[in-house]
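Me: I would like a close look at one helix and its surroundings. Please start at the helix end, then work outwards.

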Amino acid sequence: MTISVGDRIPAAKFRVMTADGAVEKTDADIFAGKKVVLFAVPGAFTPTCHKNHLPGYIDQAAAIKAKGVDTIAVVAVNDHFVMGAWAKATGAEDKIVFLADGSGDFTKAIGLEFDLSANGLGLRSKRYAMIVEDGVVKTLNVEEAGGVTGSGAAAILELL
């Protein structure tokens, strides 16, 4: 079952790279008492994710946060080493929280996984963006095609 507007974010654990190494963050750490824009990509460093999806959030981070958003986070079914490297490579470490869902547990729990094994990529997340307030989904935009429209920073900024 896919998560829907009005649903609570399920219990989850993510890994996040810090200057001191990897740390675990729970759903409560990320969402409790906060307004969060969470967007998901099929994979760090993949062409559309790296060149089209993430840059909009980097460029619009200040404008999004000016609308009352406490945290902008990106999640992918990648390990924390890859997500940490992606944060550094893009210079977005101070703007966006890079959440590693290495085994896809969170992605499966919200029903937004898809299987790209035929292309050698394994289980991945669908591309989406959501606005979450105190752990409850207020907006959910899931991309049905390969582009970045409803899940992009510009679309989310208009909804805030």
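Which residue caps the N-terminal end of H3, and how far does its side-chain oxygen lie from the backbone nitrogen of phenylalanine 81?

Reply: This is a predicted model, so read every distance below as computed from it.

The cap is aspartate 79. One of its side-chain oxygens lies 2.8 Å from the backbone nitrogen of phenylalanine 81. That closes off the N-terminal end of H3.

Now the helix itself. H3 covers residues 80-90. Its buried residues are His80, Met83, Gly84, Trp86 and Ala87. They share one side of H3, because they span an arc of only 160 degrees around the axis. Phe81, Lys88 and Ala89 sit on the other side, and they are exposed. The spacing has a general background: an α-helix has 3.6 residues a turn, so residues three or four places apart point the same way. Past the end of the helix, the backbone changes. Glycine 91, just after H3, has a positive phi of about 70 degrees.

Next, the core that the helix feeds. Trp86 belongs to the largest nonpolar core, which has 26 residues. Trp86 is one of the five members that touch the most others, together with Phe39, Tyr57, Ile96 and Phe98. H3 supplies at least two residues to this core. So do E3, helix H2 (47-66), strand E4 (71-76), E5, strand E8 (128-133) and helix H5 (153-159). H2 gives the most, six residues. A second core lies apart from this one. It has 21 residues, including Leu99, Leu112, Val137 and Leu140.

Tyrosine 57 shows how the first core is knitted together. Setting aside neighbours within four places in sequence, tyrosine 57 is in contact with Val37, Phe39, Ile64, Ile72 and Ile96, among others. The list also includes Ala129, Ser151, Gly152, Ala153 and Ile156. In general, nonpolar side chains in soluble globular proteins tend to be buried together.

A second aspartate deserves a look. Aspartate 101 lies in the loop between strand E5 (97-100) and helix H4 (105-109). It is buried, yet it has no salt bridge. The nearest side chain of opposite charge is lysine 108, at 7.9 Å. What does the side chain of aspartate 101 have as polar partners? One is the backbone nitrogen of aspartate 105, which lies 3.1 Å from a polar atom of that side chain. Another is threonine 107, joined to aspartate 101 by a side-chain polar contact of 2.6 Å. Not counting residues up to four places away in sequence, aspartate 101 touches Val75, Ala76, Val77, Asn78, Phe106 and Thr107.

Threonine 107 is in H4. Its relative accessible area is 1%, so it counts as buried. Besides Asp101, its contacts beyond four places in sequence include Val77, Leu112, Glu113, Arg124 and Ser125.

Phe106 leads on to isoleucine 9, which touches it. Isoleucine 9 lies in the segment before strand E1 (13-18). At 7% relative accessibility, isoleucine 9 is buried. Its C-alpha is 8.2 Å from that of phenylalanine 31, with their positions 22 residues apart in sequence. Other contacts of isoleucine 9 include Ile3, Asp27, Met130, Val132, Gly135 and Val137.

Gly135 brings in alanine 32. The C-alpha atoms of alanine 32 and glycine 135 are separated by 5.7 Å, although the two are 103 residues apart along the chain. Alanine 32 sits in the loop between helix H1 (27-31) and strand E3 (35-40). It is partly exposed, with 41% relative accessible area. Leaving aside neighbours within four places, alanine 32 is in contact with Asp27 and Asp134.

Asp134 has an unusual backbone. Most residues other than glycine have a negative phi. Aspartate 134 has a positive phi, near 50 degrees. Its loop runs between E8 and strand E9 (136-142). At 42% relative accessibility, aspartate 134 is partly exposed. Phenylalanine 45 also has a positive phi, about 70 degrees, although it is not a glycine. It is found in the loop between E3 and H2. Phenylalanine 45 is partly exposed too, at 39% relative accessibility.

Technical notes. Residues numbered from 1 in each chain as written. Predicted model: local features only at pLDDT ≥ 70, side-chain atom pairs only at ≥ 80, totals over all residues. Heavy atoms only, no water. Buried < 20%, exposed > 50% of the residue type's maximum accessible area, 1.4 Å probe, protein only. Helix = DSSP H or I, 4+ residues; strand = E, 2+ residues; numbered from the N terminus. Arc of directions from axis to C-beta. Polar contact = N/O pair within 3.5 Å; in protein donor to acceptor, adjacent residues only side chain to side chain. Lys, Arg positive; Asp, Glu negative; His and termini not counted. Salt bridge = Lys/Arg side-chain N within 4 Å of Asp/Glu carboxyl O. Contact = heavy atoms within 4.5 Å. Core = buried A, V, L, I, M, F, W, Y, C linked by side-chain atoms within 4.5 Å.
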